[in-house]
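Please find my comments on the model below. They are set out as numbered points, for reading alongside the coordinates.

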Amino acid sequence: MKTPALKNKQGLGSPAELKYPMIAIALAFIYIASGFIAPKDPSGFNLNGFSELPVLHGGRVKPLDTVARTSLLMLRGKQTLRIGERRQSASEWLLDALYFPQRSDSAPLFEIDDPDVLGSLGILQSSNRYYSFDAISPSLTAVEQQAQMADQVKPDQRSRFQRSIIKLQSRVMLYQKLQNTIQVMGEDHIVQNLRNLGLNARDKTGPDAAHMLEHYQFLAMAAEFRPLPDQHAGSNQNNWSSVGQGILNSIAAGKANEMALDYAVMGDAYRSGDSAAFNGALSDLQNKMKGLIPEELFRVKFEKGFNQVEPFYRAMALYLCVFLLTLFSWFSPKGTLRSAAFYLILFTFAVHTTGLASRMVIQGRPPVTNLYSSAIFVGWMAVLLAAILERLYKNGMGNVVGSVIGFSTLIIAHHLAVEGDTLEMMRAVLDSNFWLATHVVCITIGYSSTFLAGFLAIVYIIRRRFSAVWDSETADSLERMVYGIVCFSAFFSFLGTVLGGIWADQSWGRFWGWDPKENGALMIVLWNAFILHARMGGIADQKKTMLLAVFGNVITALSWFGVNMLGIGLHSYGFMDQAFVWLTAFSVSQIAIIALGAWPDHYDLQPKTLRKI
């Protein structure tokens with residue numbers, strides 16, 4: 001008697017049926033592994049080593065690679081710069097900004113899309129939205145004056161032009177501070193200037209010396225970051241110096257600052273195209289750093305590798321592949337494509353998890369610390385729950401909804417990154433790992449699960465309306481999914497809201513203050529409770545339960561982004577035009593889906609029953 005082949009949990013048996021899952025995982029692995037290969041620069045300059053140099057910026061120690069990427073994102077909205085047919089990396093651009101301003105000033109760097117701002121610069125609006133510093137520099141005085149006047153207006157009362165002009169002014173200031181961090185903008189022959197200053201002598205009374213002292217005093221004040229650590233500097237701001245301050249301190253001590261001199265040698269070598277001298281000075285600087293801050297160097301190199309791999313960007317592409325695989329699986333007679341999608345979403349979830357854990361290692365904080373990380377975590381939790389649902393029901397619904405939410409939240413996080421360093425230091429009131437790991441995580445789990453229930457309900461509505469193979473089994477399985485997830489969401493939303501009240505009492509001396517964020521959190525709790533009571537009390541049948549779940553998306557979006565980005569308050573970042581547009585568009589789309597689902601169909605004519613769950 002022939003023994004039948006044992007099937008695995010996804011319904012696969014023979015090696016031939018495992019072919020598609022194995023191919024999907026292998027290709028995904030190659031795609032992720034390619035991110036570990038650092039691109040080689042044909043110029044011969046050790047850009048990788050330069051980008052790993054540690055600096056103190058924004059209250060924490062980070063690699064120059066992070067400074068370059070976040071700065072370029074804030075200025076241009078992208079992490080690369082295209083000059084003609086050549087694509088320049090963020091580190092290459094930063095080298096130009098620090099050492100070769102004549103070249104960086106001519107690059108199309110500043111993203112300006114407001115027609116009134118362009119008019120104030122004397123630039124005609126065109127399809128191009130990137131402009132060089134050279135193009136806008138003749139009108140910088142007018143920009144500064146307009147920004148000063150706009151700054152007098154309360155943030156919630158500013159016009160679109162006023163917000164845009166303030167934003168442009170802040171970008172120009174960031175760019176100019178970067179240019180005056182290592183050397184005074186336009187300065188040449190830095191090494192010779194330092195030698196002329198005579199760092200080994202204490203008497204600096206000559207006219208040239210007085211001019212140079214003033215020169216470095218300006219450099220100390222204008223610097224965007226501090227690249228010079230003292231012994232065992234760690235992340236203590238008092239133990240890091242700007243180049244200007246480091247030189248002034250060395251003058252007072254009568255002893256040259258060797259690391260400042262290394263940065264100067266690198267600058268002269270870079271401008272002259274001498275890669276050997278540049279790499280030699282860089283190597284000397286790295287060796288000095290190893291003796292001073294070995295622990296910080298490890299974390300900085302780890303962060304540089306994290307930036308290079310870009311796990312969230314790659315996970316975003318893989319989630320899209322999961323979605324497409326699942327769609328194709330619905331037209332395939334066998335379950336191999338669906339199974340391939342399931343294993344691929346598990347692999348992608350592992351990549352997503354690795355990225356989330358890496359951020360926790362770098363920052364030394366729980367997973368959610370700001371709006372950016374909340375988007376990362378919302379997607380992560382939703383994918384986890386969706387994968388569990390797919391494992392239980394094996395119908396592709398978990399794959400579709402998990403991939404859509406994972407992709408969407410990572411897209412949101414990608415656009416939030418343009419606001420600055422996503423691993424920023426905590427404000428004093430938020431500086432509590434305990435509350436970040438309890439209240440914030442619970443609230444964010446509530447966001448994730450409410451969105452998951454809402455998107456499952458969207459699948460129900462669309463398939464009920466348009467699918468030719470809609471049946472009661474599929475409908476019932478989706479109903480059970482939504483019901484279970486809403487129960488899960490109600491619990492964590494309620495728990496997170498209570499914990500938030502306790503934290504508020506400790507921080508501000510009151511449990512509840514009717515802050516918009518508090519009201520938004522309460523609305524999620526009440527709405528989930530309403531769905532459960534309506535379902536159990538017989539008020540809402542299967543279809544109405546789904547419509548209520550979809551509206552939960554609107555409430556959650558308003559609580560998550562509406563409060564944070566459309567108002568001014570304890571939990572707000574200020575009014576943002578783009579946030580208003582996208583939030584409005586999302587809300588309208590959800591209401592349109594509810595209207596589509598509420599429109600009577602032929603299933604409504606059948607006898608209605610309420611299934612106990």
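**Notes on salt bridges, helix packing and backbone**

1. Aspartate 114 and arginine 160 are joined through their side chains in a salt bridge, with 2.8 Å from N to O. Aspartate 114 sits in the loop between strand E5 (110–111) and helix H6 (115–120), while arginine 160 belongs to helix H9 (residues 160–179), so the bridge ties together parts that are 46 residues apart in sequence. The aspartate 114 end counts as buried because its relative accessibility is 4%. Arginine 160, with a relative accessible area of 40%, is partly exposed. The model is a predicted one, which applies to every point in this note.

2. The structure holds 17 salt bridges. Another of them pairs lysine 62 with aspartate 421, whose closest N and O atoms are 2.8 Å apart. Lysine 62 is part of strand E2 (residues 60–63) and aspartate 421 is in the loop between helix H19 (397–416) and H20, so this pair ties together parts that are 359 residues apart in sequence. Is lysine 62 buried or exposed? Lysine 62 counts as buried, at 1% relative accessibility. Aspartate 421 also counts as buried, at 17% relative accessibility, given that the cut-off for buried is under 20%.

3. A third pair is arginine 86 with glutamate 92, whose side chains meet in a salt bridge at 2.5 Å, N to O. Arginine 86 has a relative accessible area of 43% and is partly exposed, whereas glutamate 92 counts as buried at 11% relative accessibility.

4. On helix packing, H17 (residues 336–363) and H18 (residues 371–393) have axes 10 Å apart and pack at an angle of about 150°. The two helices are therefore roughly antiparallel to each other, the threshold for that term being over 145 degrees. The crossing of H17 past H18 is left-handed.

5. The axes of H1 and helix H16 (residues 311–329) come within 10 Å and cross at roughly 155°. That angle makes H1 roughly antiparallel to H16. Here the crossing, H1 past H16, is right-handed.

6. H1 also contributes to the surface. Phenylalanine 29 is located in this helix, which covers residues 19–33, and counts as exposed because its relative accessibility is 53%. Together with Ile23, Leu27 and Ile30, Phe29 makes a nonpolar surface patch of about 430 Å².

7. Two further nonpolar residues merit a look. Methionine 221, in helix H11 (residues 207–222), counts as exposed at 68% relative accessibility. Its C-alpha atom is separated by 8.9 Å from that of threonine 181, and the two residues are 40 residues apart along the chain. Isoleucine 462, in helix H20 (residues 433–466), counts as partly exposed at 39% relative accessibility. The C-alpha atoms of isoleucine 462 and glycine 597 are separated by 7.7 Å, with their positions 135 residues apart along the chain.

8. Which residues of helix H12 (residues 243–253) are buried? They are Val243, Gly244, Gly246, Ile247, Leu248, Ser250 and Ile251. Glycine 254, just after H12, takes a positive phi of about 70°.

9. The backbone has two non-glycine residues to check. Most residues other than glycine have a negative phi. Lysine 394 is not a glycine, yet has a positive phi of about 50°. Lysine 394 is placed in the loop between H18 and H19 and is partly exposed, with a relative accessible area of 29%. Tryptophan 514, likewise not a glycine, has a positive phi of about 55°. The loop that holds tryptophan 514 runs between helix H21 (472–508) and helix H22 (516–536). Tryptophan 514 counts as exposed, at 60% relative accessibility.

Key:
Residues are numbered from 1 along each chain as its sequence is written. This is a predicted model: local features need pLDDT of at least 70, side-chain atom pairs count only at pLDDT 80 or more; totals for chains, interfaces and linings use all residues. Side-chain values use heavy atoms; hydrogens and water are left out. Patches are made of residues with over 30% relative accessible area and no salt bridge: like charges are joined within 9 Å, nonpolar side chains (Val, Leu, Ile, Met, Phe, Trp, Tyr) within 5 Å. Accessible areas come from the Shrake-Rupley method with a 1.4 Å probe; for residues, only the protein chains shown count as cover. A salt bridge is a side-chain nitrogen of Lys or Arg within 4 Å of a carboxyl oxygen of Asp or Glu. Helices (H or I, at least four residues) and strands (E, at least two) are DSSP runs, numbered from the N terminus. Buried means under 20% relative accessible area, exposed over 50%, partly exposed in between (1.4 Å probe, protein chains only). Axes are lines fitted to C-alpha atoms, for helices over the stretch in contact, and angles run from 0 to 180 degrees between N-to-C directions. Angles under 35 degrees count as roughly parallel, over 145 as roughly antiparallel, 65 to 115 as roughly perpendicular and the rest as oblique. A crossing is left-handed if the near helix is turned anticlockwise from the far one by less than a right angle, and right-handed if clockwise.
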